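The following exercises ask the reader to examine a ligand site and a single residue. Please study the sequence and the structure before reading the solutions.

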Amino acid sequence: MTINDHIHALRQDIEKSSKNSTLNGRSVNILAASKTQPPEMIEQAIEAGITIFGENRVQEAADKWPALKEAHPHVKLHLIGPLQTNKVKQALELFDVIQTLDRPKLADATAKHHRNHPSLATHHYFIQVNIGSEQQKSGILPEDADDFIAYCKHELKLPIAGLMCIPPAEEPATPHFTALRNMTKKHELSQLSMGMSGDYKEAVEAGSTLIRIGTGIFGKRL
Ligand SMILES: *Cc1c(COP(=O)(O)O)cnc(C)c1O
């Protein structure tokens, strides 16, 4: 199957799963997770109609994306991997959306830069929640999430679009997706970035608005 076939099949699955969702009428966007993929593969996904891409590493994005962005100005790039405070400036120059705000120090640095650069006015942000409270994983812990979300929204006045999570690999994902959805509701956030190649159907049924798909579009990573 080609990248175009994969994307076509994915769209059909999304439509089916959306019908099973309790949240009718919400549209689900596809983010193509393009880490390790060369520009030729990314170009194929753009031709198939993908307009949102995600990269995990600032340096890899800096190598690949300035040329792609220039050729395809309508495409939006999201950072979906961890961000170090000392790379905030570079990240905000490369990415349109940061999905991985997860601690006050990072939020402070981001807000400061956002505020001081009017060209970033359309940038927005997601807060990553460590929904399974896993030791190795980044993301704010669920018990600290309420305070952190409120801090980002109301004190820092960051444009927070929604929440993002990666549930534990070895557990059923649906309870975690539902927990994240309830958090967005509580904080009146509209976007839910959840669901990957292995669990996007469950994510869409639980109300995801943005699924992040790597292998399901590009095939196995090299
Ligand atoms: C790589 C990655 C994905 C995509 O994973 P697949 O299983 O290949 O679909 C989604 N989200 C994040 C944060 C990733 O790093």
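Two exercises with worked solutions follow.

The model is predicted: local features need pLDDT of at least 70, side-chain atom pairs count only at pLDDT 80 or more, and totals for chains, interfaces and linings use all residues. Residues are numbered from 1 along each chain as its sequence is written, and side-chain values use heavy atoms, with hydrogens and water left out.

**Exercise 1.** Describe the surroundings of the ligand.

Step 1. List the residues near the ligand (one heavy atom within 4 Å of it). They are Ala33, Lys35, Asn56, Ile80, Ile166, Met196, Ser197, Arg212, Ile213, Gly214, Thr215 and Arg221.

Step 2. Sort this shell by residue class. It holds 5 nonpolar, 4 polar and 3 charged residues, where Ala, Val, Leu, Ile, Met, Phe, Trp, Tyr, Cys and Pro count as nonpolar, Asp, Glu, Lys and Arg as charged, and the others, Gly among them, as polar.

Step 3. Find N or O pairs within 3.5 Å, here called polar contacts. A ligand oxygen lies 2.7 Å from a side-chain N or O atom of Lys35, and a ligand oxygen is 2.4 Å from such an atom of Ser197. For Arg212, a polar side-chain atom is 2.9 Å from a ligand nitrogen.

Step 4. Consider the area. Alone, the ligand exposes 390 Å², of which the protein buries 90% (Shrake-Rupley method, 1.4 Å probe).

**Exercise 2.** Is Asn130 buried or exposed?

Step 1. Recall that buried means under 20% relative accessible area, exposed over 50%, and partly exposed in between (1.4 Å probe, protein chains only).

Step 2. Apply the cut-off: Asn130 has 3% relative accessibility, so Asn130 counts as buried.

Notes
Near = heavy atom within 4 Å. Polar contact = N/O pair within 3.5 Å; in protein donor to acceptor, adjacent residues only side chain to side chain.
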